[in-house]
Amino acid sequence: MMKNEKRLVMALIVVVVLFLSLLIANGGFHKTTPENSDDEHELADEDLIVVGFSQLGSESVWRATHTQSIQKALSKENGFFLQYSNARQKQENQIKAIRGYISQRVDYIVFSPLMEDGWETVLTEAKDAGIPVILVDRKISGAEELYTTYIGSDMAAEGRKAGEWLEEYEKKRNKKDQQSDDEPQEDEDLNIVMLTGTLGSTSQRGRSSGFEEVASKHLNWKVVGLSSGDFTVVKGKEVMAQMLRRFDDIDVVVSQNDEMTFGAMEAIEEAGKSTGTNGDMVLISFDGSREALELVKSGKISCDVECNPLQGQLLADVINKLEAGEQVEKEYFVEELVFTQENVSAYLPNRAY
């Protein structure tokens with residue numbers, strides 16, 4: 001090697017050494033991302049409870065409110081460090097997120113399962129890692145030993161409430177008809193169509209079974225059509241339009257969330273028909289969003305069964321109990337109401353979502 005070449009090599013080595021020294025002094029090899037830079041130091045310094053939360057998606061106002069409720073309750077100010085992931089309506093995304101939380105050794109895993117089935121393997125991994133799992137909003141099928149507790153709504157009770165409201169409505173209507181008629185008449189068939197949520201989800205199964213429990217007591221209640229609207233406005237409108245083409249005489253529409261209800265109403269109006277107790281068909285919805293309650297007030301939605309998304313504070317309370325070594329229940333249900341034109345005005349002013 002020539003003398004000048006040797007000098008060049010030595011100069012390059014010196015430059016590289018100086019550069020590496022500067023990198024090390026300034027933390028240059030640390031991967032600085034919003035997820036793990038400042039927050040990692042805060043975790044070590046503040047001794048926060050680390051929670052991994054997988055939300056199933058963001059398909060509705062209800063879902064956004066549910067997410068915000070949990071994010072607000074599990075804040076740093078309240079002693080938590082929350083890692084959040086949106087599965088965008090895909091179960092494989094939730095499983096991937098949960099495995100990520102396991103590898104990160106979070107203190108708790110919280111998730112709202114898209115489907116009831118298919119969780120045994122990943123939740124067994126969480127159990128083997130010693131990480132408690134808490135279900136929110138929706139449940140899984142069986143495998144109760146793989147999760148610590150459930151926080152959310154009693155979906156079957158919601159379905160029963162819808163059926164019981166229709167039961168009372170029909171009693172009043174039939175009584176009124178009989179008072180205006182000399183001859184008592186047998187109950188006419190009540191043709192019902194149901195727009196269900198995502199098939200296999202807790203809300204779809206629970207609301208369907210609860211309503212059917214009441215419907216089975218009435219021989220004249222006929223569920224003539226049933227199809228999934230997947231909890232979205234677009235799909236709800238599509239499915240309702242199909243129902244209107246298939247059936248000439250629909251008396252009752254049971255729609256398992258407000259988003260599908262909005263879509264169904266568009267299809268009904270475009271078909272030249274109307275909803276409400278004074279319209280062509282009675283419309284029953286679920287969730288109780290502010291927009292839907294305005295439609296209850298106007299009479300276009302006959303009944304809206306509340307599904308309360310404000311579950312964050314109850315979740316925080318349960319985690320704090322576990323942290324204190326206390327026993328917790330297997331299920332915690334939030335309080336929920338049934339909204340009709342008679343009572344809705346009292347709740348609208350303070351509606352949070």
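This is a guided tour of a predicted model, arranged as a series of selections to make in the viewer.

**First stop: the parallel sheet**

Begin by selecting strand β1, residues 49-55, where seven of the seven residues are buried, so that the strand is largely enclosed by the rest of the structure. If the side chains are switched on, Ile49, Val51, Phe53 and Gln55 can be seen to point one way from β1, while Val50, Gly52 and Ser54 point the other way, and all of them are buried.

Next, add strand β2, residues 80-86, which pairs with β1 in the parallel sense over seven bridges; a convenient place to centre the view is Val51, which stands opposite Leu82 in β2. Then add β3, which also pairs with β1 in the parallel sense, here over four bridges, and look for Ser54, which stands opposite Phe111 in β3. Within β3, Tyr108 and Val110 point one way, Ile109 and Phe111 point the other way, and all are buried.

Phe111 can be kept selected while β4 is brought in, since β3 and β4 pair in the parallel sense over three bridges and the bridge partner of Phe111 in β4 is Leu135. Further along, three bridges join β5 to β11, two strands that run parallel, and Ile151 stands opposite Tyr332 in β11.

With these strands displayed together, the view shows an open sheet of six strands in the order β2-β1-β3-β4-β5-β11, with parallel pairing. Its edges are β2 and β11 (331-333), each of which has a single partner strand, so one side of each is left without a neighbour in the sheet. From one strand to the next, the twist averages 20°. To see what lies against this sheet, select helix α4, residues 91-104, which packs on it and touches β1, β2 and β3 (108-111), the helix direction making about 170° with that of β1.

**Second stop: the loop between β4 and β5**

Stay with the first sheet and select the loop between β4 (133-136) and β5 (149-152), which is the place of Asp137. Asp137 is worth a look at the backbone, having a positive phi of about 70° although it is not a glycine; with 2% relative accessibility, Asp137 counts as buried.

Ala143 lies in the loop between β4 and β5 as well, and it has a positive phi of about 50° although it is not a glycine. The relative accessible area of Ala143 is 18%, and the residue is buried, the cut-off for that label being under 20%.

**Third stop: the mixed sheet**

Now hide the first sheet and select β7, β6, β8, β9, β10 and β12, which in that order form an open sheet of six strands with mixed pairing. At the edges stand β7 (221-228) and β12 (338-339), each with a single partner strand, so one side of each has no neighbour in the sheet.

Inside this sheet, focus on β8 (residues 252-255) and β9 (residues 282-287), which run parallel and are joined by three bridges; Val254 has Ile284 as its bridge partner in β9. Adding helix α9, residues 258-270, shows a helix that packs on the sheet and touches β6 (190-196), β8, β9 and β10 (303-306), with a direction that makes about 155° with that of β9.

**Fourth stop: Arg351**

Move to the segment after β12, where Arg351 is found. Is Arg351 buried or exposed? Its relative accessible area is 16%, and Arg351 is therefore buried. Setting aside neighbours within four places in sequence, the residues in contact with Arg351 are Asp287, Gly288, Arg290, Leu293, Glu306 and Phe339.

**Last stop: the cavity**

Keep Asp287 selected and turn to the empty space inside the model, where the count comes to one cavity of 30 Å³ or more. The largest cavity has a volume of about 100 Å³. Which residues are the closest to its centre? Of the 13 residues that line the largest cavity, they are Glu59, Trp62, Arg63, Arg138 and Asp287.

Two helices can be coloured to frame this view, since α3 (61-73) and α7 (202-215) each supply at least two residues of the lining of the largest cavity. By residue class, that lining divides into six charged, four nonpolar and three polar residues.

Technical notes: Residues are numbered from 1 along each chain as its sequence is written. This is a predicted model: local features need pLDDT of at least 70, side-chain atom pairs count only at pLDDT 80 or more; totals for chains, interfaces and linings use all residues. Side-chain values use heavy atoms; hydrogens and water are left out. On a 1 Å grid over the protein atoms alone, a cavity is a set of points where a 1.4 Å probe fits but cannot get out, and a pocket is an open set with protein on both sides within 12 Å along at least five of seven lines; lining residues have an atom within 4 Å of a point. Grid points are joined across faces, edges and corners, and a volume is the space filled by probe spheres set on the points. Ala, Val, Leu, Ile, Met, Phe, Trp, Tyr, Cys and Pro count as nonpolar, Asp, Glu, Lys and Arg as charged, and the others, Gly among them, as polar. Two strands pair if DSSP finds at least two bridges between them. Contact means heavy atoms within 4.5 Å. Axes are lines fitted to C-alpha atoms, for helices over the stretch in contact, and angles run from 0 to 180 degrees between N-to-C directions. Buried means under 20% relative accessible area, exposed over 50%, partly exposed in between (1.4 Å probe, protein chains only).
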